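Biologist: I would like a close look at a single part of this protein. Please take me through it step by step, with the neighbours it meets.

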Amino acid sequence: MNRASCLVLTAAMTVTAACAASLGTVAEARPSAVPAASCSVTADREKPNSVVVSGEGFKGASVTLTAAGGDGTWPGIPAPGGSFTRASLPDHVYTAESAQDPAVGCARAAAPQSPPPSPQTSPPPANEQYRTGYQQGLKDTLATCEKNPPKNLAPDPNWQSGYDKGAAAALGSKRCTGS
């Protein structure tokens with residue numbers, strides 16, 4: 001091989017190596033998908049009338065749980081790897097947040113399937129209406145950080161009370177106050 005062929009071949013290899021290196025840099029610069037923070041509430045099997053609150057996807061090292069209606073706050077719950085579990089809590093509607101995550105409403109796990117209700121079944125208990133309203137008020141208000149009228153045209157009074165408390169909790173959250 002003569003000298004001119006070697007120079008052309010060397011230049012082509014250098015360009016190829018440079019392109020490959022820059023492609024690798026671009027591929028490495030893509031952020032990995034980070035799951036959104038979420039939490040759930042389930043019945044505590046160890047302690048009657050209590051619940052277990054669990055969460056995952058949090059960016060902060062610790063999480064603060066807040067019960068609906070100002071019925072309690074549990075700050076500094078360790079969240080190694082973004083996950084936490086807290087048992088033996090009073091049965092309430094909860095929100096969870098960390099310094100790096102906005103408030104998240106904790107969804108209640110579905111109850112075991114029961115037979116369909118008969119036509120004579122009474123309406124849901126007041127506390128269920130309250131919980132449902134609270135979750136909806138929290139969700140609606142966190143979306144815009146403004147209290148909106150409920151979409152439910154003829155709400156149950158307990159549902160309306162929960163909705164109002166959920167909206168108030170959202171308006172006071174770090175996400176809506178900016179602090």
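Modeller: What follows is a walk through one pair of helices, and then through the strands. Keep in mind that this is a predicted model.

Start with helix α2, which spans residues 126-144. Its packing partner is helix α3, residues 157-171. The two helices pack at an angle of about 35°. Their axes lie 6 Å apart. The crossing is right-handed.

Which residues of α2 meet α3? Among them are Ala126, Tyr130, Tyr134, Gln136, Leu138, Asp140 and Leu142. On the α3 side, the residues that meet α2 include Trp159, Tyr163, Lys165, Ala167, Ala170 and Leu171. Sorted by class, this contact holds eleven nonpolar, ten polar and two charged residues.

Now zoom in on Asp140. This residue sits in α2. Is Asp140 buried or exposed? Its relative accessibility is 10%. The cut-off for buried is under 20%, so Asp140 counts as buried. The side chain of Asp140 makes a polar contact with the side chain of Gln136, at 2.7 Å. Leaving aside residues up to four places away in sequence, Asp140 touches Asn148, Lys151 and Tyr163. Tyr163 belongs to the α3 side of the helix contact.

Next comes Cys145, in the loop between α2 and α3. Its relative accessibility is 28%. Partly exposed covers the range between 20% and 50%, so Cys145 counts as partly exposed. What does Cys145 touch, not counting residues up to four places away in sequence? The answer is Leu171, Arg175 and Cys176. Leu171 is also one of the α3 residues that meet α2. Compare chain and space here. Cys145 and Gly172 are 27 residues apart along the chain. Their C-alpha atoms are separated by 9.3 Å.

Now the strands. Begin with β3, residues 62-67. In a regular strand, side chains alternate between the two faces of the sheet. Strand β3 shows such an alternation. Val63, Leu65 and Ala67 point to one face and are buried. Ser62, Thr64 and Thr66 point to the other face and are not buried.

Which strands pair with β3? One is β4, residues 73-78. β3 and β4 run antiparallel and pair over four bridges. Leu65 has Trp74 in β4 as its bridge partner. The two strands form a hairpin, with five residues between them. In that turn, Gly69 has a positive phi of about 70°.

β3 is also joined to β6, by four bridges. This pair is antiparallel. Here Thr66 stands opposite Thr95.

β6 leads on to another hairpin. Strand β6 covers residues 94-98, and strand β7 covers residues 101-105. They pair in the antiparallel sense over three bridges. Two residues lie between them. Ser98 has Asp101 in β7 as its bridge partner.

Finally, there is an open sheet of four strands. Their order is β5-β2-β1-β8, and the pairing is mixed. The edge strands are β5 (84-90) and β8 (107-108), and each pairs on one side only. β8 meets β1, residues 38-43, in the parallel sense over two bridges. In that pair, Val41 stands opposite Arg108.

Conventions
Residues numbered from 1 in each chain as written. Predicted model: local features only at pLDDT ≥ 70, side-chain atom pairs only at ≥ 80, totals over all residues. Heavy atoms only, no water. Pairing = 2+ DSSP bridges. Buried < 20%, exposed > 50% of the residue type's maximum accessible area, 1.4 Å probe, protein only. Polar contact = N/O pair within 3.5 Å; in protein donor to acceptor, adjacent residues only side chain to side chain. Contact = heavy atoms within 4.5 Å. Axes fitted to C-alpha atoms, helices over the stretch in contact; angles between N-to-C directions. Left-handed = near helix turned anticlockwise from the far one by under 90°. Nonpolar A, V, L, I, M, F, W, Y, C, P; charged D, E, K, R; others polar.
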